[in-house]
Amino acid sequence: MRSESGGPGGLADPVPGGRPGDVELAEELSARLAGAGVKGIAFCYVDTAGITRVKGVATAALAAAARWGVGMSPIFDIMLADGSIPPADRLGGPVGDLRLYPDLGQLTALAGQPGWAWAPLDRIEQGGSVHPGCSRTLLRHLQSRLQDEGLDFQAAIEIEFVLARGDTPADEFVPACGGPAYGMTRMIEMAAFTEDLLAALATQGTEVHQLHPEYAPGQFELSVGALDPVRAADRSVVVRQTVRAIAGRHALRVSFAPSVVAGEVGNGGHVHLSAWRDGVNLFAGGSGRYGLTGAGEGMAAGVLEALPALAVLATPSPSSFLRLGPTRWSGAYGCWGYENREAALRLVRGSIGQQADAANIEVKCADLAANPYLLLAGLLFAARDGLTRGLKLPAEVTVDPACLSHEELARDEIRRLPTTMTQALDEFARRPDLQACLGPTLTEAIVAVRRGEAARMADAEPAAVAAAYRWVY
């Protein structure tokens with residue numbers, strides 16, 4: 001799962017008044033964008049609830065933003081998906097301000113939104129120190145630490161989405177197309193949309209591997225090329241923004257929610273992850289099962305062990321637990337298997353002759369309500385933990401785990417992943433090492449937001465839960 005070539009990654013640690021070279025680069029980019037007809041730049045980050053937040057900046061103001069940042073309240077760290085605000089000790093209230101600094105190396109003119117560009121952000125305290133609630137900064141620092149230890153990770157997040165007719169009331173869902181799962185009929189019906197989407201992504205420099213109809217009504221899946229974790233998370237954000245923009249231009253509505261219609265197969269956000277040392281893929285070429293190296297097996301085992309606690313990051317919405325069920329290829333059971341699409345952790349090898357580049361692990365249980373920076377940070381933490389402790393994978397599951405008897409599940413210690421937010425929070429509480437990696441501010445924000453979302457949906461029927469989150473991600 002090698003990455004394509006690309007530009008520079010995240011920002012260096014910020015200092016008051018900006019960073020050397022940023023203003024000059026911003027002035028150059030501003031002139032270039034203005035010459036291309038770009039009027040504004042969407043400064044975006046993802047909050048704890050998984051919502052992409054934005055501040056729009058005029059193209060002419062880019063240099064000032066690079067020097068001084070753009071102001072935004074820290075309240076969004078604990079804001080729920082409906083805009084309500086739960087109590088939290090470290091965050092909350094009207095007092096305080098952060099500065100939003102764009103990563104100019106990732107600034108992208110948006111082919112689906114003519115006149116606009118996009119840039120991901122790092123959120124900084126006014127005095128210039130790192131904001132402890134910035135998930136992108138956390139991921140970048142963790143990635144850098146692992147690189148210092150000789151480990152390079154590559155990641156890609158699959159994007160599943162459902163297309164709906166845009167001429168229906170906001171509280172209704174009508175699929176935009178018919179046709180069977182993976183059927184050419186559906187692809188033909190959406191030919192104009194998919195053509196424009198592929199063209200926009202190509203213009204933006206996004207490597208697309210696959211685009212095809214998926215299982216649920218109106219559902220498609222988009223697979224993109226792998227990048228380092230920070231840029232993979234950035235890519236997940238801007239690709240979804242592009243899908244939504246192109247859909248709107250075709251009078252379509254798009255949902256990335258884990259459950260669009262209660263009781264039906266939902267949208268996943270499967271994560272593919274590979275680890276490399278000195279240019280060698282640690283998930284291939286070894287003497288372990290299916291060619292795993294000892295280091296690769298340790299990292300896979302660390303991720304598998306941590307999946308229950310990582311549920312607060314990977315399946316963070318009440319809608320997530322409507323999706324995460326047996327026999328839906330959602331990875332509802334905490335087990336692993338070679339090409340087992342019902343296991344939460346699927347080992348992927350690739351075709352013969354390709355395995356040295358293609359081998360990776362796929363986290364099937366994750367969905368697109370997740371903040372991709374938080375999710376990838378949690379996975380990197382778990383992989384490093386498994387490597388450090390020399391963990392081994394348990395027995396492989398070679399069948400659909402839902403077909404196993406209670407006795408077989410108990411014998412092999414195969415557990416269902418959390419089925420409620422309360423269970424997910426309980427599992428998270430059992431991993432103080434994961435909390436330490438995230439830090440107290442992010443940990444408090446995560447717990448406050450997850451409890452808040454659970455509380456507001458406590459008495460809701462599944463259909464109401466699905467409707468509440470259908471259009472927010």
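# Exercises on pockets, loops and a helix

In the lining of the largest pocket, ten residues are nonpolar, eleven are polar and eleven are charged. Keep the structure open as you work, and remember that it is a predicted model.

**Exercise 1.** Find the largest pocket: what is its volume, and which residues are closest to its centre?

*Solution.*
- Step 1: Start with the volume, which is about 740 Å³ for the largest pocket.
- Step 2: Now look at the lining, which is made of 32 residues; closest to the centre are Glu-158, Glu-221, His-272, Arg-346 and Glu-362.
- Step 3: Trace the elements that give two or more residues to this lining: β7 (152-157), β9 (208-213), β10 (219-224), β15 (343-348) and β16 (360-363).

**Exercise 2.** Turn to the second largest pocket: which elements give two or more residues to its lining, and how does the lining divide by residue type?

*Solution.*
- Step 1: Locate the second largest pocket, with a volume of about 500 Å³.
- Step 2: Of its 21 lining residues, Leu-304, Glu-305, Gly-334, Glu-413 and Arg-415 are the closest to the centre.
- Step 3: Two or more lining residues come from each of α7 (294-314), β14 (333-338) and β17 (415-416).
- Step 4: The largest share belongs to α7, which gives five residues.
- Step 5: Sort the lining by type, and you find eleven nonpolar residues, one polar and nine charged.

**Exercise 3.** Two residues other than glycine have a positive phi: Asp-278 and Glu-339. Where does each one lie, and is each buried, partly exposed or exposed?

*Solution.*
- Step 1: Take Asp-278, whose phi is near 55 degrees. Asp-278 sits in the loop between β12 (271-277) and β13 (280-281).
- Step 2: The relative accessible area of Asp-278 is 74%. Exposed means over 50%, so Asp-278 is exposed.
- Step 3: Take Glu-339, with a phi of about 55 degrees. Glu-339 belongs to the loop between β14 and β15.
- Step 4: Glu-339 has a relative accessible area of 28%. Partly exposed covers values between the 20% limit for buried and the 50% limit for exposed, so Glu-339 is partly exposed.

**Exercise 4.** Look down the axis of α5: where do its buried residues fall?

*Solution.*
- Step 1: Helix α5 covers residues 191-203, 13 residues in total, and spans 18 Å from first C-alpha to last, close to the 18 Å expected at 1.5 Å a residue.
- Step 2: Mark the buried residues of α5: Phe-193, Thr-194, Leu-197, Ala-200 and Leu-201.
- Step 3: Down the axis of α5, these buried residues fall within an arc of 130 degrees, so they line one face of the helix.
- Step 4: Here is the rule behind this kind of pattern: an α-helix has 3.6 residues a turn, so residues three or four places apart point the same way.
- Step 5: Now check the other side of α5, where Glu-195, Ala-202 and Thr-203 are exposed.
- Step 6: Ask what covers the buried residues of α5: the cover includes β8 (159-165), α4 (184-189), β9, β10, α6 (229-249) and β11 (252-255).
- Step 7: Just past the helix, find Gly-205, which follows α5 and has a positive phi near 80 degrees.

**Exercise 5.** Where is Val-130 placed, and what separation is there between its C-alpha atom and that of Glu-444?

*Solution.*
- Step 1: Val-130 is in the loop between β6 (116-125) and α3 (135-148).
- Step 2: With a relative accessible area of 31%, Val-130 is partly exposed.
- Step 3: Val-130 and Glu-444 are 314 residues apart along the chain, and their C-alpha atoms are separated by 17 Å.

Key:
Residues numbered from 1 in each chain as written. Predicted model: local features only at pLDDT ≥ 70, side-chain atom pairs only at ≥ 80, totals over all residues. Heavy atoms only, no water. 1 Å grid on protein atoms, 1.4 Å probe; cavity = no way out; pocket = protein on both sides within 12 Å on 5 of 7 lines; lining within 4 Å. Points joined across faces, edges and corners; volume = space filled by probe spheres on them. Helix = DSSP H or I, 4+ residues; strand = E, 2+ residues; numbered from the N terminus. Nonpolar A, V, L, I, M, F, W, Y, C, P; charged D, E, K, R; others polar. Buried < 20%, exposed > 50% of the residue type's maximum accessible area, 1.4 Å probe, protein only. Expected span 1.5 Å × (residues − 1). Arc of directions from axis to C-beta. Contact = heavy atoms within 4.5 Å.
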